[in-house]
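Here is a short report on empty spaces in a protein model. Keep the structure in view as you read.

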Amino acid sequence: MTVVIGFEGSANKIGVGIIRDGEVLSNPRRTYITPPGQGFLPGETAKHHRSVILTVLQEALDEAGLKSADIDCVAYTKGPGMGAPLVTVAVVARTVAQLWGKPLLGVNHCIGHIEMGRLITNAQNPTVLYVSGGNTQVIAYSERRYRIFGETIDIAVGNCLDRFARVIKISNDPSPGYNIEQMAKKGTKFIELPYTVKGMDVSFSGILSYIEDAAHKMLSTSQCTPEDLCFSLQETLFAMLVEITERAMAHCGSQEVLIVGGVGCNMRLQEMMGVMCKERGARIFATDESFCIDNGAMIAQAGWEMFRSGHVTELLDSWITQRYRTDEVEVTWRD
Amino acid sequence: MAQSNSLKASVPAYLKEAQLIKQGAEARVYRATFLGRPVVIKERFTKLYRHPEVDEKLTRRRTTQEVRSILRCRRAGINAPVVYFVDYTTHCIFLEDIVQSVSVRDHIASGQTPQHLQALVEKIGEVLAQMHDEDVIHGDLTTSNMLLIPGAEHQHIHLVMIDFGLSYISALPEDKGVDLYVLEKAFLSTHPKTETLFERLLKSYSASSKKSPAVIKKLDEVRLRGRKRSMVG
């Protein structure tokens, strides 16, 4: 029996989760939400995390009904992500590991998403679409690496959505992406937006600058509503994501798709991916918002896999990094 | 509008009589005869997951871009299939059937001598240089999109470029650099442990293209961009 506690705080969500042999015992989380029109900055995000992390840690232990002695390993997000928040969480993880006398494990955030997706959905060997505010990658497992087949060559899709939300001052509560999704349902007019796929990769900075500009012009002349823009943006962005996923599937001969990351909560994206899968006779897997969105249990799950296959992070190596490629990690727990 | 809908819904007669040889993510490829010649018909079918306007505009754009780029390549003496006919209502392109060809991907995978592979990648570098000097950006460079007509002499490797659906015209070194980057990623992930071979391809490209220094510089930048992505928006 192996119990792992995971600490996650690479962006504006701070979560602590506990996993015991594939069972999620607890997974509390808090989100730092900024006023409409504002994004979250590293310093203030770290300050938010500092103010709540010990409370969330206690909640995680209480909900699981465990004491520190019951924990076998302390996992934390080594990267990628925002510097100050990552440091805040790592400091707590290091301290707690030393206090409790438990081994420490630095986990790649992207791999956390993948391993949680695999655990919850039981997908065997899917093509993974990882889409969030900070990352957009199409990943497939091959020979001990999670290889990146396609990715964004500039900003992440969630970042594109979040920044658009700021321009038209959509609320960030519970998240800008969620509110864009609700508004999109009421959109009726389709506005043509730039569509940029380059081989297996995508580019979003062009569509972002275009729609930021269009928002100012078209809304002031009432050519369309904000709902129409939300609708058009989603349809275009998600079509691009489904396209590169399909290309990767065709390349790898894969029959399964797993969507992970915060943007994976979006029902329209899941719907579009489902239609594509149905046409190919493939299966689609997705998780709900407790696991799609950054959470502590996903770090615990990846940590559980790594710990059981012999990984441990020495204190001297327990630094964090803003840039950490998914394919840098040797996936020793799979063959 | 009802008429064009029914046109789209019904399968054109020429497709009913054609032989389906491949179904890709974006298009179906058939073998048929057209005006007495062997042809390949590339049909871009409707993707149901897309909003119909996204689908129609994108499909039409890709069909047009493909044909334009092929013609531009051919005018410059680069090997690409002859375009016989384009049906814009069904998004079908009638192309010359490159008979008895094998994709470079399959050719490499079937095992070749190092000397032959070196000559092959040098030829690829030359052809890409020619293409980029014409300001044609392929947009989807992979070894599956290059055909080899086998049986030719060592010095006369006959290469044909296909699949120009994502192509466009650009003089920017950035776009050419990204084009090479797409090939590099596709090449290295499809054919393991071929880093030195790809280096040779790039050297051949540099030697053959008049505008290569700026392109290679951009390629280096794009490579770094992939490795050191900033996660903050």
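Helix α3 (residues 52–75) of chain B gives three residues to the lining of the second largest cavity, the largest share. Keep in mind that this is a predicted model.

**The cavity**

The structure holds two cavities of 30 Å³ or more. The second largest of these cavities has a volume of about 40 Å³. Which residues line the second largest cavity? They are Glu26(B), Arg44(B), Phe45(B), Arg50(B), Leu58(B), Thr59(B) and Arg62(B). Four residues of this lining are charged, two are nonpolar and one is polar.

**The pocket**

Now turn to the second largest pocket. The space in this pocket is about 1000 Å³. Its lining has 45 residues. Nearest the centre of the pocket lie Asn12(A), Lys13(A), Gly133(A), Asp162(A) and Ser175(A).

Which element supplies the largest share of the lining of the second largest pocket? That is α4(A), with five residues. In chain A, β4 (29–31), α4 (157–167) and α5 (176–185) each supply at least two lining residues.

**The linings by class**

The table sets out the classes for both linings.

| Lining | Nonpolar | Polar | Charged |
|---|---|---|---|
| Second largest cavity | two residues | one residue | four residues |
| Second largest pocket | 17 residues | 20 residues | eight residues |

To trace the cavity in the model, start at helix α3 of chain B, which gives three lining residues. For the pocket, start at α4(A), which gives five.

Notes
Residues numbered from 1 in each chain as written. Chains lettered and ligands numbered in written order. Predicted model: local features only at pLDDT ≥ 70, side-chain atom pairs only at ≥ 80, totals over all residues. Heavy atoms only, no water. 1 Å grid on protein atoms, 1.4 Å probe; cavity = no way out; pocket = protein on both sides within 12 Å on 5 of 7 lines; lining within 4 Å. Points joined across faces, edges and corners; volume = space filled by probe spheres on them. Helix = DSSP H or I, 4+ residues; strand = E, 2+ residues; numbered from the N terminus. Nonpolar A, V, L, I, M, F, W, Y, C, P; charged D, E, K, R; others polar.
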